[in-house]
Amino acid sequence: MANGDVEEPLLRGNVNSSIRFSDINSFKRRRPQSSRSCCTISHAQTNNEESLHCPELISTKSFRLRDVLLFLAAYIGVGAICFFMISDQIEGKKTNGILDAIYLCIVTMTTVGYGDLVPKSTLAKLLACVFVFTGMALVGFVLSKAADSFLERQQILFVKAIKMKKDCNSSTEVLKEVGTNIEKYKFVTALAILVVLTVLGTIFLCKVEDLSLFDAFYCVCASITTLGYGDKSFSTKWGRLFASFWILMSTICLGQLFYSLAELYTEQRRKSLFRWVLNRELTNLDLQAADLDHDSEVSAAEFIVYKLKELGKITEEDISIVMENFKLLDVDHSGTLTENDIALLHSSSSRSKS
């Protein structure tokens, strides 16, 4: 194919033709593998597939439950002690010194701020400023990661329950289903937990805080959205004990719900683009653009690169960088990477060090 026939070639600008030919040839000229190396690759692929289906890898490893609890306990502990020590500088309706301090620490951290307990001295206000920023960082970074991990575990249980009803309880199939629709199940799980917390909070406010059903629901909505008007709040000892746990869980859950909704929308857009790219009718211009080595044929490697670029997975810059890297590794300039190339690289590296 002539260069002029290609209206929008896949690689432009600074990508020279030698890189293109070496890259395409490296895909086309595949040397037969020995039976031993085939077994090794097959075994490695099997191990990789097993590791991908391992339930432990689905959860967020970087934030274990113990670490999260330690962070949370340290924050609440220090905050409760500080607010308890200056309790005479806090004004509002009080119930129990320690309980009020924990409750104030939680409503400060989650930015609910009912206004039923407020700092009145300069020291108390300064302390509140410190703890609100520290608490927002804790909620936004650490606790949200833990909540995300928790939701992923719950969605696996959710899918298992569905699969068991269909007499298909294979753990591999369950994990495959979760991986395929992870955003959808995460959103559904977060929504279900939030509904449970909303109902639980409404019932508690009706029974313990003696609010009407509508006022209780109104207080719940104002709390989980961190609106915190302050006209309705938890004012009893048992109410503040319940609120110390419930507010933390419900506000984080709501944040995860909206985050999952955004992820779901983005994933749906991505899948829609993917289907369009793969199912649209190819034209001669597409074949010309995908023909990197201009031999009037499009190999599987050329087609894959073209489609990945069309999907936005890679760019021309990415391709040129990878091709340059391949060219550097191909020491014997054979167009393929072999053990001989690795040996030559190691020997040249050893000589340069010595």
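1. Phe131 counts as buried in this predicted model. Its relative accessibility is 7%, which falls below the 20% limit for that class. Its ring partner Phe83 is buried as well, with a relative accessible area of 3%.

2. The two rings form a tilted pair. The centres of Phe83 and Phe131 are 5.6 Å apart, and the planes meet at 45 degrees. Tilted is the right label because the angle lies neither under 30 degrees nor over 60. Phe83 belongs to helix α4 and Phe131 to helix α6, so the pair ties together parts 48 residues apart in sequence. Over the whole structure, a search finds 9 aromatic pairs.

3. A second tilted pair is Phe234 with Phe242. Here the distance is 6.2 Å centre to centre, with 45 degrees between the planes. Phe234 and Phe242 are both buried. Ring pairs also join these two to Tyr103, Tyr114, Phe204 and Trp246 in a cluster.

4. Which residues touch the most other members of the largest nonpolar core? They are Phe83, Met109, Phe234, Trp246 and Ile247, out of 42 residues in that core. At least two core residues come from each of α4 (65-85), α5 (97-109), α6 (122-165), α8 (182-207), α9 (213-224) and α10 (237-279). Helix α10 gives the most, with 9 residues.

5. Ile247 deserves a look at its contacts. Leaving aside residues up to four places away in sequence, Ile247 touches Ile106, Val107, Thr110, Val112, Tyr114 and Phe234. The backbone oxygen of Ile247 is also reached by the side chain of Thr251, at 2.7 Å.

6. Thr251 sits in helix α10. Is Thr251 buried or exposed? Its relative accessible area is 12%, so Thr251 is buried. Beyond four places in sequence, Thr251 touches Thr110, Val112, Ser223, Ile224 and Thr226. Thr110 and Val112 are thus contacts of Thr251 and also of Ile247.

7. Now the charged pairs. The whole structure holds 7 salt bridges by the search. One of them joins Arg240 and Asp100, with the closest N and O atoms 2.8 Å apart. Arg240 lies in helix α10 and Asp100 in helix α5, so this bridge ties together parts 140 residues apart in sequence. Arg240 and Asp100 are both buried.

8. Arg280 has several partners to check. Asp286 forms a salt bridge with Arg280, at 3.0 Å between the closest N and O atoms. Both Asp286 and Arg280 are buried. Arg280 also meets Glu310 in a salt bridge, at 2.5 Å from N to O. That pair links distant parts of the chain: Arg280 is in the loop between α10 and α11 (284-290), while Glu310 is in helix α12 (residues 300-310), 30 residues apart.

9. Why does Glu310 count as partly exposed? Its relative accessibility is 25%, and the partly exposed class runs between 20% and 50%. Arg280, in contrast, is buried. Through shared partners, salt bridges join Arg280, Asp286, Lys307 and Glu310 into one network.

10. Arg280 has an aromatic neighbour too. Arg280 lies over the face of Trp276, at 5.6 Å from the ring centre.

Terms used. Residues numbered from 1 in each chain as written. Predicted model: local features only at pLDDT ≥ 70, side-chain atom pairs only at ≥ 80, totals over all residues. Heavy atoms only, no water. Core = buried A, V, L, I, M, F, W, Y, C linked by side-chain atoms within 4.5 Å. Buried < 20%, exposed > 50% of the residue type's maximum accessible area, 1.4 Å probe, protein only. Helix = DSSP H or I, 4+ residues; strand = E, 2+ residues; numbered from the N terminus. Contact = heavy atoms within 4.5 Å. Phe/Tyr/Trp six-rings, centres within 6.5 Å; stacked < 30°, edge-to-face > 60°. Lys NZ or Arg CZ within 6 Å of the ring centre and 35° of its normal. Polar contact = N/O pair within 3.5 Å; in protein donor to acceptor, adjacent residues only side chain to side chain. Salt bridge = Lys/Arg side-chain N within 4 Å of Asp/Glu carboxyl O.
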